[in-house]
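Please look over the sequence and the model shown below before reading on. The text then goes through the structure step by step.

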Amino acid sequence: MVAGVRALMVLLLCQVLLGGSVGLIPEVGRRKFSESSRQSTQQSEDVLNEFELRLLNMFGLKRRPTPSKLAVVPQYMVDLYHMHSGNGDQDPNRSRSVLGQYSERSASRANTIRSFHHEESLEALLSIGGKTTQKFFFNLTSIPGEEIVSAAELRIFRDQVLGAITDSSGGYHRINIYEVLKPAFSSKEPIIRLLDTRLVQHSQSKWESFDVSPAIMRWTMEGLTNHGFMVEIVHLDNEGGEAKRHVRISRSLHEDEETWPQMRPLLVTFSHDGKGHVLHKREKRQTKPRQKKRPKASCKRHELYVDFSDVGWNDWIVAPPGYHAFYCQGECPFPLADHLNSTNHAIVQTLVNSVNTNIPKACCVPTELSAISLLYLDEYEKVILKNYQDMVVEGCGCR
């Protein structure tokens, strides 16, 4: 029974998401599925897997993600999802304070946002000019070659230093972010380039965002070697030790294991794959005015809710849990009425059909489609927010 529901949902997804491109599903596959009641379970599963692979390919995935229970979804990515999905429950003031103008500006040129945690095993402490710094490496090999990165930010969390001085005479430290152009070799120091810097107060607990776009573009677009970043904390008063300990750039032996996964440094890239429209801050979709009552059998939009748990995808799709896809169905009778939103060709075809039944009637198909944003984990357990076009049927007509 479960396999049957999953099969039905995958087929509905194929019909809705592939729309008029029915040719993408091989004829042999359609024939096999129609005869599945007379086939073994294994044969039915083979056909189902073929459909599922085609859907995953549409999402840009080579295989079905199977994230582990330890996979972490950064809260920042969840906040970005709410901002771009038009979720009415999200507080707009919180979006502005948590996300800031940088993320909105960066997303205005992208249809994909990817997040990366640093490789902890490759962390390194360096001593340059008497200053202690931390080196980070982010593995970016999962970014597809066709994606053009337009912006990137490195996010670092810092805790409030209790009892810190907050007047103009002290209570500050500076955080510098460098790109490592050439790693240290023998006794030589690494060659670095300053990317961004921030003067911060000890008395506040918040995320700090640094623009690292130039380095990411050099690594992904110009093919230069990724040697990672270096984070330097410069102390401007005698509370330097306290400031360093409260900037979350490395796991502490005594740190709460439940806190560190959400507080560790995070690299976020904004890119576009050349398909569809960019992400943007969306207002909650307004309810369309009710259309005039149509004949029961005429072409119109029908309810279809796709629940990702029904197709077993809820373990890698973080949000939404499902969405209203809708579908088009109904007759396109002669003569075609105005409310059927027909093309001139459809009107002519229907006219010819009325005198020659060898010519098929016009078909009831989607005439207006809209996009949705999906937040999910890919095959490498990287969290991605992506805008997918033509996912929701907004209007139907005879074509």
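The paragraphs below move from the chain as a whole to a helix, a pocket and a few single residues.

The model is a predicted one. Its protein chain contains 9 helices and 17 strands. The chain has 399 residues, and 44% of them count as buried. Take the contacts between residues at least 6 apart in sequence: 73% of these join residues at least 24 apart.

Helix H9 covers residues 344-355. With 12 residues at 1.5 Å each, H9 should span 16 Å, and the 18 Å between its end C-alpha atoms agrees with that. Which residues of H9 are buried? They are Ala346, Gln349, Thr350 and Asn353. Looking down the axis of H9, one finds the buried residues within an arc of 100°, so they line one face of the helix. The spacing fits a general rule: an α-helix has 3.6 residues a turn, so residues three or four places apart point the same way. What do the buried residues of H9 pack against? Their partner is strand E17, residues 383-398. The face of H9 turned away from the buried side holds the exposed residues Asn344 and Val355.

Strand E17 appears again in the second largest pocket, where it supplies 6 residues, the largest share of the lining. This pocket holds about 620 Å³ of space. Its lining is made up of 28 residues, and those closest to the centre are Phe59, Gly60, Asp273, Lys275 and Lys386. Besides E17, the elements that give two or more residues to the lining are helix H3 (41-58) and strand E1 (112-117). By type, the lining of the second largest pocket divides into 10 nonpolar, 9 polar and 9 charged residues.

Asp390 also belongs to strand E17. The phi of Asp390 is near 55°, a positive value in a residue other than glycine. Is Asp390 buried or partly exposed? Its relative accessible area is 40%, which means that Asp390 counts as partly exposed, since buried residues fall under 20% and exposed ones over 50%.

Another positive phi is found at Phe326, a residue other than glycine, with a value near 65°. Phe326 sits in the loop between strands E14 and E15, the latter being residues 327-329. Phe326 has a relative accessible area of 11% and is therefore buried. Strand E14 (322-324) also borders the loop that contains Pro320, with strand E13 (317-319) on the other side. The peptide bond from Ala319 to Pro320 is cis, its omega near 0°. As a general background to these cases, most residues other than glycine have a negative phi, and most peptide bonds are trans.

The last stop is Val212, in the loop between strand E7 (206-211) and helix H6 (213-220). The relative accessibility of Val212 is 0%, so this residue counts as buried. Which residues does Val212 touch, leaving aside those up to four places away in sequence? The contacts are with Ala152, Glu153, Leu154, Ile177, Leu195, Phe229 and Leu267. For one of these, Leu195, the distance to Val212 is given by the C-alpha atoms: they are separated by 6.0 Å, while the two residues are 17 residues apart along the chain.

Methods:
Residues are numbered from 1 along each chain as its sequence is written. This is a predicted model: local features need pLDDT of at least 70, side-chain atom pairs count only at pLDDT 80 or more; totals for chains, interfaces and linings use all residues. Side-chain values use heavy atoms; hydrogens and water are left out. Helices (H or I, at least four residues) and strands (E, at least two) are DSSP runs, numbered from the N terminus. The expected span of a helix is 1.5 Å times one less than its number of residues. Buried means under 20% relative accessible area, exposed over 50%, partly exposed in between (1.4 Å probe, protein chains only). The arc is that of the directions from the helix axis to the C-beta atoms. Contact means heavy atoms within 4.5 Å. On a 1 Å grid over the protein atoms alone, a cavity is a set of points where a 1.4 Å probe fits but cannot get out, and a pocket is an open set with protein on both sides within 12 Å along at least five of seven lines; lining residues have an atom within 4 Å of a point. Grid points are joined across faces, edges and corners, and a volume is the space filled by probe spheres set on the points. Ala, Val, Leu, Ile, Met, Phe, Trp, Tyr, Cys and Pro count as nonpolar, Asp, Glu, Lys and Arg as charged, and the others, Gly among them, as polar.
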